[in-house]
Every structure is written in C-alpha cells, then in structure tokens.
Amino acid sequence: MVQKYQSPVRVYKYPFELVMAAYEKRFPTCPQIPVFLGSEVLGESRSADGAVHVVERSCRLRVDAPRLLRKIAGVEHVVFVQRNVLNWRERTLLIEAHNETFASRVVVEENCSYWVHPENEDWTCFEQSASLDIRSFFGFENTLEKIAMKQYTANVKRGKEVIEHYLNELISQGTSHIPRWTPAPVREEDARSQPGPPQALGTLRAPGPAAEAVGTDGDKLDADYIERCLGQLTPMQESCLIQLRHWLQETHRGKIPKDEHILRFLRARDFHLDKAREMLCQSLSWRKQHQVDVLLQTWRPPALLEEFYAGGWHYQDIDGRPLYILRLGQMDTKGLMKAVGEEALLQHVLSVNEEGQKRCEGNTKQFGRPISSWTCLLDLEGLNMRHLWRPGVKALLRMIEVVEDNYPETLGRLLIVRAPRVFPVLWTLISPFINENTRQKFLIYSGSNYQGPGGLVDYLDKEVIPDFLGGDSVCNVPEGGLVPKSLYLTEEEQEQADQLRQWSETYHSASVLRGAPHEVALEILEGESVITWDFDILRGDVVFSLYHTKQALKPGPWEPGARASGQLMDKGWVLGTDYSRVEAPLVCREGESIQGSHVTRWPGVYLLQWQMHSPPSSVACSLPGVDDVLTALHSPGPKCRLLYYCEVLASQDFRGSMSSLESCTSGFSQLSAATSSSSSGQSQGSSLVSR
C-alpha cells in the first residue's frame, strides 16, 4: 500500500530572497537535523541570464531504526538524490527528491515548493508532499513503514523550525534584506559561451501545480488557519485532512462540508483515511436525501414540542463549549411520541445537533480558539419505568444511531446528574449502541454528588449552573410534564406517520433541471439480473430512459451497493458507440407513478435517466393555441421533482418464469398506491404507469 503525505501551506513572514538564503545554510550539513549527515553537489547549471539555477545533490540520511533491522539491511545510512530548480525571476523554488538506496525495494518520492504569498509579496509560502511505496523489505515491510512515516513526520515539523532558526541567525548578523534579482544585459558572445545544463539534470521545467498561488480560491489550507480554527494537529493528521478535503473538491458534486465537519469524521475513525472517507460519503448521501442542510431554515417544531420538550441551550461551559440542558426525567417521552410521532422527535433532535454545530462556530469566533463540540447537561430526576416504554426505547436507539453516524465527535462532554435507581437498566439497553470514544465523555452523578468540589463546578461556572440544580442562573428550559391524552394522534394519523417514515428511509428524492438530467448508475456483474424501479413524479413532466455502457463513468463518491447518482454520463458520449438504449423513452406526467423492470443481457453499468420533458414546438402556427397557453401556465419552470426507488435482483429472487418479473422479495409501489387517486392497467414498454 502506498502511504501519502500532504502538508498544509506554511507561511514565512519574510521575503522570498531572505528565505532562500536561510535555506541554503542547511547545506552541506545541518546540525539542527541530526539524521542529515551531509550532502555533495552532483551537478549545477544556470540559465544565460542567471535567473534559473539548477542544483542536483546527493544527500546522506542516518537510518533511525532498531539495530536488528539495520543489521539485516546492511546499511547505516541511506542516500537520496535531490534536484532543486530555483527561479529568481518567478521567485519560486521547486524541489524533487527520491531514494537511491534500496530503490528496487522501496520507492520514496518527495516534492516541495517555495513561492511568494499571493496577497503579500514580502511573505513566502511553503508546501510539500511525499509518497512511500514499500514493495519488499526482508519481511519487515510493516515495521519499516511505521518507522519511516514516524521519522518523516518528525522531520517535517523540524523543517520549519530550522528555516526560522537560520532566518533569525541571518537577521542577528545584520542581513535583514536581500535585493530581488534583476536581469543584467547579456552580450551575444557571453550567451554563446554560457554552458548548458548537464545532461544528467535534464531540462528545466516551469513551476508545477505546487507553485501556484495559495488561498486565491480557498482550495488549500495554511498551517496558521489550522492551528487557529481547527486546533493542534500532528503532521499526519494535517495530511489526512488535506487529502480528504482535496478528494471531496475533486469528486463531490454538492456543497463541500466545512473543515471542522471533515475533521470530526477523521477523528471518529482515528484518522484512518479510507474509513473516514466511507463514513463521510454515507453521511453526505444521508444529508442530501433528507435535506438536512436546510433543516434549520425549514424545521419549525410543533407548539406541543415547544411546550413539553424539556430541553434547550443555556450559555456555555468553562471551556467555551455551548451548553445544552435536557431534563429527561421531567419529560413525558411516551406522551410526546403518541402526540407528535417518532419522526417529528427525530427531526427535532437533528435540529438540536445542527444548532449545536452552528453555536460551536460562533463560540470559536467569540473566544478566538477552536471549539468543535458542545456539552450536554442531562438531568434524570423523575426518570422511572414509564421512560422504559419499549417503543420509546426503540426510538431512542434509532436516534442515537443516526446521531452517531452523522454527527461524530460533536459531543464534548455529557454530565448526567441525579441518576435514579432505574438508570442502570436504561444504561444497559443503550450503552452498546454508543461509540466507545463517546462513552468516555460521560460523567455520571447520582443523588447530590454533583454538588461541591468534583461536581458541576469543575465544568460549569457557578453563575451558569441552573437554579433547579442549586445554581444562581435562571434557566428558561421548558419544565416538561405529562402530555394530555387528548392531544395524542389518532390511530389513522399514527399509521400515516409510520408510513411516511418508511418511505423516507426507502425512497430517494431528486431534482431534474433543464439540461441536467438525474442519473442513477447500477453496476451489473452477472449477465442475467433484474433491475426494478418505482418512482413518482411530484412536479413537472420527465422522460425516463434506461441505457447500458461499458465506459467508465465520471469519478465521484459512490453510494453503498455499487451505486452512484447525479449527472453521470459524459456529454461527449455518442449513442450507439459509447452507450446504448435498452428501454424505449417513456414520457412521465406530473402526478403519475411508474413501476417497471428490465432483465439485463450483459454485464456492465446500467443508467436510469430522468430528464426534463420539452413538448415539441409548433412550427406552422404564429399565434399560441389554447393548449400552448395551458402548457405554459402549468410549466414547472426550470426544475422537476421526483421520488424514486430502484434495486437489482438476481434471477433466483423471482417466482415462476423470468418473463413474469414478479418479485418475491420486494413489494413495489406502496408509495404510489397511497399517492395516486386512481390507477390504470396501461403498460408502456416495461413500465407500469399509475395515474
């Protein structure tokens, strides 16, 4: 496996020329870097006008590894070849390095660049990246990888300190300014006599992507921003954040999450890049499906929730984290579920988490230090067996699962006070569903143990402790109480609410824009499988088609089950050459429900496509007719909406003959049956249309 490292952009608040003078003092030896044993110049060249200076060096590094490993390898130091291209005109330095020792077994490549800060020409930016590929190393591949990455990241941190050391040394010696390079007149005979670069050095290259301006489009992170807004990170943690952020910028078609949000997922997976990426992609898909990004603007809790839900925000703890108080013991969870339904309670919990993230951002700005989590004060006085009502506990476990999957590392501390005797029963039920890292943040106080030293005063200022816990602060959190049974939902309303929840878990929503169809890709590994679909047209008219291709789709985050969605087909593809149509186009009108299936004949990728339907324009008529006017009045504008569900089933999942296409595992169109006022038996192609 190839290990990669990518640094943030580090800024030296000194001119480029002075930084270059400090950099040159590192050679041929550097006492400040003990593993650097020395270097020698292999070749050197300059351009005719002296603007470009190319140096190739051989550098010796001490092997900081266990004696046994050094003895097996038979070396005490390794040799790297470094190639520097210094361009005084452009004010850039590009550095490339690779290992010569064990080059057939281990491949190490490093790229560094210095360039002028785009917003301040008297500052200098630095960035580096590296890769390590251990192909074989006497059976010690894993050990060598750990040693190499540990040593490399230690030297990365040391590198900036060394440059700053030599900068201070230059300034103390009276060198605080070095004039910029200016071209000197070059006589023709001098230009002819100027030797070209040695053959071993190759050709001069223009500055690569690493030397592009930083910060102009917000696509890079600098180290000062990370420390100020995200906190102290190790070099490898910084690298993981930058790599995951860069991957999202290249592949994610929606809104890029904030750096704080990305960092939470990395922390939740101990900075394992692949695991964090998978968790984050699943969460982004969930947020898009449930439109969580606009939840704070769209969600308005029912009046009953505002009155009987005993929770609310209350200042902050001593570390500046927003404080949320929940008086669970005073809350009638059974009554709330029967009065507003499980889905409304989940929406409210999600809105609390969204508000918590927003408050963390505000506190970060207010206190001038990174605050990425919030504290919850959970009062359990009054908790009894009524709170252990089975459907209520089941709903609580579902909410915990949703929050754990989509809001990792947002809870900084949970203070549980006045825990009654029944609490261990509840804890036994829910603790297996809580992440170990989260459980370590729980502090539990029974009786009056929360009072005095070692209690709440260690985490909350005295003027913040609420009055119902003996503090001085008046708390405006609702007191809860029993929900009157007269406010409970009827059985019919409860059944409708449950059905809506099932639909939201099964069906996906999509927008179809003019010129931008919505496409779902399904990868078929076996030739004979069955693709089934069920969708409702909520707004506008669309054309539904099914295509097959063996071409590679646009890169992007794939949903679980080898599925991708969005606009996937390359606009340069040619029908009949790059892809083929396997189902005739079907015009679907607003309000219709469509169910259908297709037996695949070839492996590859099948694309379900919905595109906006444009009625054929009238050619001979100069004045619009009645139908044209009505069509214009009912036109959905630039967007159509639909709800869809699709899956791939193997042939053994069907009863009877393959031609019957009757699924024995999936009951389609429950949503359609509920949303359609009537249905007909009309069949078009392989799709059943319900109106």
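Let me begin with a cysteine. Cys281 is buried, at a relative accessible area of 14%. A second cysteine, Cys475, is buried as well, with a relative accessible area of 13%. How many disulfides does the count give? The count comes to zero disulfides. Please keep in mind throughout that what we are looking at is a predicted model.

Let me now step back to the whole chain. The protein has 691 residues, and 46% of them count as buried. There are 18 helices and 24 strands in the protein. Consider next the contacts between residues at least 6 apart in sequence: 75% of these join residues at least 24 apart.

I turn to the strands at the start of the chain. As general background, strands of a sheet pair through backbone hydrogen bonds, either parallel or antiparallel. Strand 8, residues 120–134, is a convenient reference here. Which strand is joined to strand 8 by five bridges? That is strand 1, residues 2–6, and the two run antiparallel. Within this pairing, Val2 stands opposite Asp133 of strand 8.

Strand 2, residues 10–12, also pairs with strand 8 in the antiparallel sense, over three bridges. Here Tyr12 has Thr124 of strand 8 as its bridge partner. Strand 7, residues 106–117, pairs with strand 8 over 12 bridges, again in the antiparallel sense. Thr124 appears once more in this pairing, as the bridge partner of Val116. Strand 7 and strand 8 form a hairpin, with two residues between them.

Next, the sheet further along the chain. Five strands form an open sheet, in the order 9-10-11-12-13, and the pairing is mixed. Which strands lie at the edges? They are strand 9, residues 311–316, and strand 13, residues 442–446, each of which pairs on one side only. From one strand to the next, the twist averages 20°.

Helix 12, residues 342–367, packs on this sheet. The helix touches strand 9, strand 10 and strand 11, the last of these being residues 374–379. The direction of helix 12 makes about 10° with that of strand 9.

Let us look at the first two strands in that order. Strand 9 and strand 10, the latter covering residues 322–326, pair in the antiparallel sense over four bridges. Gly311 stands opposite Leu326 in strand 10, and Gln316 has Pro322 as its bridge partner in that strand. The two strands form a hairpin with five residues between them. In the turn, Gly320 has a positive phi of about 90°.

I come now to helix 11 and its packing. Two packed helices are described by the angle between their axes and the distance between the axes. Helix 11, residues 333–340, packs against helix 12 at an angle of about 110°, and the axes are 6 Å apart. An angle from 65 to 115 degrees counts as roughly perpendicular, and helix 11 and helix 12 are therefore roughly perpendicular to each other.

Which residues make this contact? From helix 11 they are Leu336, Met337 and Val340, and from helix 12 they are Glu342, Ala344 and Leu345. By class, the contact has five nonpolar residues, no polar residues and one charged residue.

As for burial in helix 11, the buried residues are Gly335, Leu336, Met337, Ala339 and Val340. Just after this helix, Gly341 takes a positive phi of about 90°.

Finally, some points of backbone geometry. Most residues other than glycine have a negative phi, and most peptide bonds are trans. Against that background, the peptide bond from Phe27 to Pro28 is cis, with omega near 5°. Pro28 is placed in the loop between helix 1, residues 16–24, and strand 3, residues 36–46.

Two further residues sit in the loop between helix 7, residues 259–268, and helix 8, residues 273–290. One of them is Asp270, and Phe271 is placed in the loop between these helices too. Asp270 has a phi near 50°, a positive value in a residue other than glycine. Phe271 likewise has a positive phi, near 60°.

Are these residues buried or exposed? Asp270 is exposed, with a relative accessible area of 63%, whereas Phe271 counts as buried, at 16% relative accessibility. The cut-off for buried is under 20%, and for exposed over 50%.

Methods:
Residues are numbered from 1 along each chain as its sequence is written. This is a predicted model: local features need pLDDT of at least 70, side-chain atom pairs count only at pLDDT 80 or more; totals for chains, interfaces and linings use all residues. Side-chain values use heavy atoms; hydrogens and water are left out. Two strands pair if DSSP finds at least two bridges between them. Axes are lines fitted to C-alpha atoms, for helices over the stretch in contact, and angles run from 0 to 180 degrees between N-to-C directions. Contact means heavy atoms within 4.5 Å. Angles under 35 degrees count as roughly parallel, over 145 as roughly antiparallel, 65 to 115 as roughly perpendicular and the rest as oblique. Ala, Val, Leu, Ile, Met, Phe, Trp, Tyr, Cys and Pro count as nonpolar, Asp, Glu, Lys and Arg as charged, and the others, Gly among them, as polar. A disulfide is a pair of cysteine sulfur atoms within 2.5 Å. Buried means under 20% relative accessible area, exposed over 50%, partly exposed in between (1.4 Å probe, protein chains only).
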